[in-house]
Amino acid sequence: MTSQAATSPVASDDTLIDRYRDVRARTEALCETLEPEDMVVQSMADVSPAKWHLAHTSWFFETFVLARGDDYRCFDPAYEYLHNSYYNSVGAQFPRARRGLLTRPTVDEIRRYRAHVDASLIRGLERGLLDGAARGVIELGLHHEQQHQELLLMDIKHVLFQNPLYPAYRETPAREPTEAPAFAWIDCPGGIHSIGAEAGDGFAFDNEGPRHRVLLEPHRLANRLVTNAEYREFIRDGGYRTPSLWLADGWALVQTERWSAPLYWVERDGEWFEFTLAGLVPLDPAAPVCHVSFYEADAYASWADARLPTEAEWEVAAAERPPRGRFLDFGRLHPAPASGPGLQQLYGDAWEWTRSAYQPYPGFRAAAGALGEYNGKFMCNQLVLRGGCCATPSGHLRASYRNFFYPHQRWMFSGIRLASDRGDRAA
């Protein structure tokens with residue numbers, strides 16, 4: 001996930017305290033339906049136990065805010081090693097792939113740790129002991145914790161999927177049958193456009209800037225995300241058995257991992273079901289396909305005689321639209337069918353793969369110090385996704401927000417929007 005660098009004035013202490021309490025309480029609320037046994041499991045190297053998310057987000061505030069003060073009493077010095085994610089400037093880290101082996105500290109101990117950090121930080125704000133730089137890091141830390149709220153849901157979904165009982169994380173309201181709007185192309189003009197976060201125009205992570213110009217050719221974007229029904233036709237037409245559709249690395253994964261459908265699709269007696277945070281449910285044909293890798297998205301686009309959009313094409317289309325959509329606060333915790341005319345689902349539902357490599361924008365420089373490690377060192381071998389998803393907290397997204405994952409990964413809520421060059425076969 002992304003990280004660092006606020007580009008806006010920091011809120012007043014009272015406002016920051018309220019926001020801090022709200023974000024921290026929301027993380028705790030996401031764990032209300034989990035048992036301690038759920039919170040210690042690590043189902044693959046990319047997944048972290050829910051308990052670790054609770055600890056690491058507290059470690060962030062302790063390390064980068066509280067520990068800089070003279071009067072802070074550290075909760076446990078061992079936590080610096082156990083809950084450091086990848087900040088080499090801070091020190092060594094417990095191996096990520098072995099976090100599930102840490103039965104101690106217990107879930108209760110981690111909750112006491114969170115309470116200790118919360119009390120110390122709020123006390124510092126109330127007494128005016130934290131300067132502007134510290135308050136800026138707190139704001140960054142809150143956005144960081146919102147990212148971990150989404151990660152927590154991604155990870156617990158993968159954990160629960162390993163159980164043959166397919167347990168639900170949380171019951172959600174029954175879904176009414178709907179139909180997706182007919183597929184259509186939306187013409188998008190070419191020309192010179194500006195993308196990226198504008199300095200001083202609200203919070204942004206450092207990888208969202210500097211704002212710069214891009215040249216776009218006239219193109220088209222699909223009016224909505226690809227649906228389960230459309231992706232199912234790709235499967236029926238031998239999409240996972242046709243090497244000419246796939247990039248070489250993707251085809252190698254199809255062979256070695258025996259991919260035949262998106263992650264969380266389950267076939268029973270010729271019928272498709274999908275594992276969701278509400279348990280195993282019949283596949284909704286109108287809902288966006290979700291949990292596909294970049295390789296699968298690219299192969300589908302090739303099959304459909306189209307391509308994936310660039311991140312600049314996506315941002316220019318989204319920039320004039322408010323970041324409203326089905327986010328975490330919507331409560332569904334799963335992508336929903338599109339509705340209405342025009343460009344739909346630009347925000348929420350599912351992250352949209354782009355064909356753009358995750359690279360620095362012209363003029364980007366990583367910040368000095370440990371916090372500068374958060375983004376710059378990951379700008380290699382990953383692809384950009386845009387738009388947020390059903391597990392992204394509301395208010396956390398904007399048009400310039402850049403998410404990034406490796407092309408083989410698919411446990412995140414990732415979907416597909418098609419693009420087309422004017423005059424190509426897809427037009």
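Helices here are DSSP runs of H or I with at least four residues, numbered from the N terminus, and in this predicted model I looked up R19 by that scheme and found it in helix α1, residues 13–30.

**R19.** I next asked whether R19 is buried, exposed or partly exposed. Its relative accessible area comes to 23%, and because buried means under 20% and exposed over 50%, I entered R19 as partly exposed. Setting aside neighbours within four places in sequence, I listed E139, L142, H143 and Q146 as the residues in contact with R19. I also checked R19 against L385, 366 residues apart along the chain, and noted 27 Å between their C-alpha atoms.

**Nonpolar cores.** Turning to the largest nonpolar core, I counted 113 residues, of which F60, I138, Y169, Y231, F234, W353 and I416 touch the most other members. Helix α5, residues 132–161, provides the largest share of this core, with 13 residues. I recorded a second, separate core of six residues, with F364, F378, M379 and F404 among them.

**Y231.** For Y231, again without neighbours within four places in sequence, I found contacts with V226, Y240, P262, W265, V289, V292, E296, Y300 and I416.

**Second largest pocket.** I then took the second largest pocket, which holds about 470 Å³ of space. It is lined by 25 residues, and those closest to its centre are V65, L66, G69, D71 and L130. Both α4 (107–126) and α5 supply at least two residues of this lining, and α4 gives the most, with four residues. By class, I entered the lining as 13 nonpolar, six polar and six charged residues.

Conventions
Residues numbered from 1 in each chain as written. Predicted model: local features only at pLDDT ≥ 70, side-chain atom pairs only at ≥ 80, totals over all residues. Heavy atoms only, no water. Core = buried A, V, L, I, M, F, W, Y, C linked by side-chain atoms within 4.5 Å. Buried < 20%, exposed > 50% of the residue type's maximum accessible area, 1.4 Å probe, protein only. Contact = heavy atoms within 4.5 Å. 1 Å grid on protein atoms, 1.4 Å probe; cavity = no way out; pocket = protein on both sides within 12 Å on 5 of 7 lines; lining within 4 Å. Points joined across faces, edges and corners; volume = space filled by probe spheres on them. Nonpolar A, V, L, I, M, F, W, Y, C, P; charged D, E, K, R; others polar.
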